[in-house]
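I opened this entry to look up the aromatic pairs and the burial of their rings. My notes follow the model itself.

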Amino acid sequence: MNFLKLAIASLLGSVVESVSVGDKLPSVDLHSGFPPKKVPSYLELQDALHDKGGVDEIIIYCVNDGAVMSAWARDLGVQHYEADDNEGRITFLGDPEGVLTRQLEMELTHPGPISVGIVGRCKRFAIYAVGGVVKYVAVSEAEDDPAGDARPEATMADAMLRAVLSLKEEL
């Protein structure tokens with residue numbers, strides 16, 4: 001089992017009983033705090049991420065429970081979205097207590113969102129990892145937009161595809 005996926009599974013142990021993929025998980029994208037177009041952008045570009053970028057799986061998670069994440073995946077029409085389903089490329093996971101979010105140091109701590117009761121939220125970010133090693137991290141945030149709601153571009157699928165292709169050229 002891939003180290004990054006094993007770490008995610010252990011941190012989210014109360015939600016995920018088992019996580020398994022083939023021997024190779026060259027890349028993973030983790031996302032949280034979704035603007036309306038973010039997840040659909042990954043649905044739309046999942047084949048390009050796989051065929052051009054070599055991304056085997058896209059993991060979408062947020063500080064929420066597994067039932068909400070499952071309902072969200074079904075509402076978006078995503079098939080094979082569960083952690084133990086090896087047929088799909090997009091996996092939805094919940095981080096109900098924010099454990100993974102804190103371990104990744106991606107908790108949104110800006111006073112703006114906290115002042116209106118948004119506590120424990122995850123930053124809007126994407127990670128690209130190869131063989132369990134993080135190669136690229138993007139965070140959509142700015143002083144005037146700490147949650148990245150107005151400008152999520154850095155973590156959208158097209159930006160991640162460009163980053164992945166750029167990294168592949170360097171190898």
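I looked up F92 first and found that F92 is buried, with a relative accessible area of 6%, where buried means under 20% relative accessible area, exposed over 50% and partly exposed in between, with a 1.4 Å probe and protein chains only. The model is predicted, so I kept in mind that local features need pLDDT of at least 70 and side-chain atom pairs pLDDT 80 or more, while totals for chains, interfaces and linings use all residues. Residues are numbered from 1 along each chain as its sequence is written, and side-chain values use heavy atoms, without hydrogens and water.

I then listed the aromatic pairs and noted two in the structure; rings of Phe, Tyr and Trp (its six-membered ring) pair if their centres lie within 6.5 Å, and planes under 30 degrees apart count as stacked, over 60 as edge-to-face and the rest as tilted. For Y61 and F125 the centres are 6.1 Å apart and the planes stand at 70°, so this pair is edge-to-face. Y61 belongs to strand β2 (residues 58–62) and F125 to strand β4 (residues 124–130), so the pair ties together parts 64 residues apart in sequence; strands (E, at least two residues) and helices (H or I, at least four) are DSSP runs, numbered from the N terminus. Y61 is buried at 0% relative accessible area, and F125 is also buried, at 0%.

I returned to F92, which forms an edge-to-face pair with W72, at 5.7 Å centre to centre and 80° between the planes. W72 counts as partly exposed, at 23% relative accessibility.
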